[in-house]
Amino acid sequence: MGRVAVLHDITHLKELDSLKSEFVSTVSHDLRDPLTVMRGYATMLPMVGSLNEKQQLSVEKILGGIDQMANLVNDLLDLGRIEAGIELALTPLRLDELLRAVAHTLTQPAQARGLSLRVETPADLPAVQADPALIRQAVTNLVNNAIKYAPNSGPLILKAVQEGQQVIISVQDNGPGIPRQEQMRLFEKFYRVRPRTPGAAKAGTGLGLAIVKSIAERHGGRAWCQSQVGKGSIFYLSLPLK
């Protein structure tokens, strides 16, 4: 019989989002210097004199808190640069070599949490035009995410396959899986899934997957997840060949 169109002016929301991003970027820069000073003096405490066991534990907690804050600041700065539209250093990138390099770098932390890394790529996988540093960061974030939330669950499989005019990277684990209601929010900024496995690491900054999503979109691709509770998860990152 007819149609009704309802329009909402979201200009003010976009302005608020821009102000928030600018504020976060400014605060992140300002936090780096005091964190560096705090870490420097905390590491110098043992030089003043020997510390007893309780004092040493307190220093380790201080350094742990500083590292956590530093990681948050670095993630915020990385996300800000990507969302600001940094120019991509596009170059032909062999994803099979990149996946093996990431696996080699993260072998030790994976083994420390009862995991092994396995890379599976076809011999004829074509190169993609991409920014090597950003794609490596995205893949590293995905693997670190699996190491954090799926300890002692067997192998983590890193794959890259061609599907049509795109190459899809995937990181598969055999962890506890993610409930459907939480999957919709996985790539939101600061959203963190509650660990469901004994021994799982504490949640991080909540920006790792948001950075993966931003990197994928900057390359004209996308990031998504498939998961089933009790049967593990697969995180995907697609990149166009051109």
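## Ring pairs and the overall fold: worked exercises

The structure holds two aromatic pairs; rings of Phe, Tyr and Trp (its six-membered ring) pair if their centres lie within 6.5 Å. This is a predicted model, where local features need pLDDT of at least 70 and side-chain atom pairs count only at pLDDT 80 or more, while totals for chains, interfaces and linings use all residues. Residues are numbered from 1 along each chain as its sequence is written, and side-chain values use heavy atoms, with hydrogens and water left out.

**Exercise 1.** Work out whether the pair of Phe187 and Phe235 is stacked or edge-to-face.

*Solution.* Start with the cut-offs: planes under 30 degrees apart count as stacked, over 60 as edge-to-face and the rest as tilted. Here the ring centres of Phe187 and Phe235 are 6.3 Å apart and the planes stand at 70°, so the pair is edge-to-face. Next, place the partners: Phe187 is in the loop between helix H5 (180-183) and helix H6 (208-218), and Phe235 is in strand E7 (residues 233-240), 48 residues apart. Helices (H or I, at least four residues) and strands (E, at least two) are DSSP runs, numbered from the N terminus. Finally, check the cover: Phe187 and Phe235 are both buried, where buried means under 20% relative accessible area, exposed over 50% and partly exposed in between (1.4 Å probe, protein chains only).

**Exercise 2.** Classify the pair of Trp224 and Tyr236, then find which charged end sits over the ring of Trp224.

*Solution.* With centres 4.9 Å apart and planes at 15°, the rings of Trp224 and Tyr236 are stacked. Trp224 belongs to strand E6 (residues 222-227) and Tyr236 to strand E7, so the pair ties together parts twelve residues apart in sequence. Trp224 is buried at 17% relative accessible area, and Tyr236 counts as buried at 15%. The charged end is that of Arg222, 3.8 Å from the ring centre of Trp224. The test for a charge over a ring is NZ of Lys or CZ of Arg within 6 Å of the ring centre and within 35 degrees of the ring normal.

**Exercise 3.** Describe the fold as a whole: how many helices and strands does the protein have?

*Solution.* Count the elements to get six helices and seven strands. Their order along the sequence is α-α-β-α-β-β-α-β-β-α-α-β-β. For the extent, the C-alpha atoms fill a box of roughly 80 × 50 × 40 Å along the principal axes. Buried residues make up 37% of the 242 residues.
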